[in-house]
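User: I am new to structure terms and would like to see how each label is justified. Please take me through them one at a time.
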Amino acid sequence: MPKFYIHPSWKTVLKEEFAKPYFKELTSFVKSEYASNTIYPEQKNIFRAFDRCPFDQVKVVILGQDPYHGPNQANGLCFSVNEGIRNPPSLKNIFKELSSDLNIPTPTSGNLDRWAEQGVLLLNATLTVKAKEAGSHQKKGWEQFTDTVIKKISDEKNHVVFLLWGNYAKKKGESIDSNKHHILTSPHPSPFSAYTGFFGNKHFSQTNEFLKSVKKTSIKWS
């Protein structure tokens with residue numbers, strides 16, 4: 001894999017995964033893609049979600065599909081964009097629901113580092129993408145890797161809140177143990193589906209209520 005940053009806690013948890021043949025093939029594919037094409041996010045940010053949110057601090061998991069494929073948008077955290085970049089439609093809708101749910105001003109910055117640093121793992125199913133080609137790095141091995149990440153969290157942690165927005169995320173979350181964890185589902189925040197049940201889902205307040213109920217610190221979403 002090209003040079004990247006990942007918190008040591010994840011290196012320990014995923015050590016066996018990194019050694020598997022499929023991951024070595026994925027590494028070769030990703031290296032060649034960065035060498036010959038424009039790929040997002042920047043190489044150093046491929047595992048940024050894991051770097052900003054150590055394994056032992058994960059309290060909430062939000063699942064996305066693949067990184068933004070426009071210039072300067074993807075930063076390694078699902079739904080998040082770099083500072084100073086205009087918020088994409090799904091993120092605008094996430095902020096709209098957040099503002100309505102918690103009765104707070106709509107956040108201006110689309111950089112979600114502030115969530116990650118409080119224990120929100122912002123995980124895309126696929127961690128890289130070719131510029132202007134949505135889904136171009138699907139079915140290359142990333143999904144197997146991120147399925148393992150979800151299973152590790154489910155098996156080795158307790159009382160994690162999983163926010164599964166849209167059918168893809170729901171399917172991806174089928175391995176989560178609902179007896180140990182709190183799973184919240186709704187339609188996707190995309191403009192195509194936000195009005196069919198994403199708006200009004202109150203997932204942000206519900207997440208904090210659950211965290212408080214299990215004696216964990218709530219998330220400052222603003």
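Analyst: A disulfide is a pair of cysteine sulfur atoms within 2.5 Å. The model shown here is predicted, and it holds 0 disulfides.

User: How do you know that Cys53 is not in a disulfide?

Analyst: The closest cysteine sulfur to that of Cys53 belongs to Cys78, and the distance is 11 Å. A disulfide needs the two sulfur atoms within 2.5 Å, so 11 Å is too far for a bond. Seen from Cys78, the closest cysteine sulfur is that of Cys53, and 11 Å is again too far.

User: Why are Cys53 and Cys78 called buried?

Analyst: Buried means under 20% relative accessible area. Cys53 has 0%, so Cys53 counts as buried. Cys78 also has 0% and is therefore buried.

User: What makes α3 oblique to α7?

Analyst: Two packed helices are described by the angle between their axes and the distance between the axes. For helix α3 (residues 21–36) and helix α7 (residues 142–156), the angle is about 125° and the axes are 9 Å apart. Roughly perpendicular covers 65 to 115 degrees and roughly antiparallel starts over 145. An angle of about 125° fits neither of those classes, so α3 is oblique to α7. The crossing of these two helices is left-handed.

User: Which residues make the contact between α3 and α7, and how many are nonpolar, polar or charged?

Analyst: From α3 come Tyr22, Phe23, Leu26 and Val30, and from α7 come Trp142, Gln144 and Phe145. Sorted by class, the contact of α3 with α7 has 6 nonpolar residues, 1 polar residue and no charged ones.

User: Why is α5 called oblique to α9?

Analyst: Helix α5 (residues 89–102) and helix α9 (residues 203–213) cross at roughly 60°, and their axes come within 8 Å. Roughly parallel needs an angle under 35 degrees, and roughly perpendicular begins at 65. Roughly 60° lies in neither range, so α5 is oblique to α9. On the α5 side, Ile94, Glu97, Leu98, Asp101 and Leu102 take part, and they meet His203, Phe204 and Ser205 of α9. By class, that contact has 4 nonpolar, 2 polar and 2 charged residues.

User: Which residues of α9 are buried, and what do they pack against?

Analyst: The buried residues in α9 are His203, Phe204, Ser205, Thr207, Asn208, Phe210 and Leu211. The buried residues of α9 pack against β2 (60–64), α5, α6 (113–116), β5 (161–165) and β6.

User: What makes Ser186 buried or exposed?

Analyst: Ser186 is found in strand β6 (residues 182–186). Its relative accessible area is 4%, and the limit for buried is under 20%, so Ser186 is buried. Leaving out residues up to four places away in sequence, Ser186 touches Leu164, Trp165, Gly166, Lys170, Gly197, Phe198, Asn201 and His203.

User: How do you know whether Ile39 is buried or exposed?

Analyst: Ile39 lies in strand β1 (residues 39–40). A relative accessible area of 7% is under the 20% limit, so Ile39 is buried. Residues up to four places away aside, Ile39 touches Glu33, Tyr34, Thr128, Val129, Lys130 and His137.

User: Why does Asn45 count as buried?

Analyst: Asn45 has 11% relative accessibility, which is under 20%, so Asn45 counts as buried. Asn45 sits in the loop between β1 and α4 (48–52). Leaving aside neighbours within four places in sequence, Asn45 is in contact with Asn75 and Gly76. Asn45 and Asn75 are 30 residues apart along the chain, and their C-alpha atoms are separated by 6.1 Å.

User: Where does Lys132 lie, and what makes it exposed?

Analyst: Lys132 is in the loop between β4 (129–130) and α7. Exposed means over 50% relative accessible area, and Lys132 has 71%, so Lys132 is exposed. Most residues other than glycine have a negative phi. The phi of Lys132 is positive, near 65°.

User: Why is His159 called partly exposed?

Analyst: Partly exposed is the range between the 20% and 50% limits. His159 has a relative accessible area of 35%, so His159 is partly exposed. His159 lies in the loop between α7 and β5, and has a positive phi of about 55° although it is not a glycine.

Definitions and conventions. Residues numbered from 1 in each chain as written. Predicted model: local features only at pLDDT ≥ 70, side-chain atom pairs only at ≥ 80, totals over all residues. Heavy atoms only, no water. Buried < 20%, exposed > 50% of the residue type's maximum accessible area, 1.4 Å probe, protein only. Axes fitted to C-alpha atoms, helices over the stretch in contact; angles between N-to-C directions. Helix = DSSP H or I, 4+ residues; strand = E, 2+ residues; numbered from the N terminus. Left-handed = near helix turned anticlockwise from the far one by under 90°. Contact = heavy atoms within 4.5 Å. Nonpolar A, V, L, I, M, F, W, Y, C, P; charged D, E, K, R; others polar.
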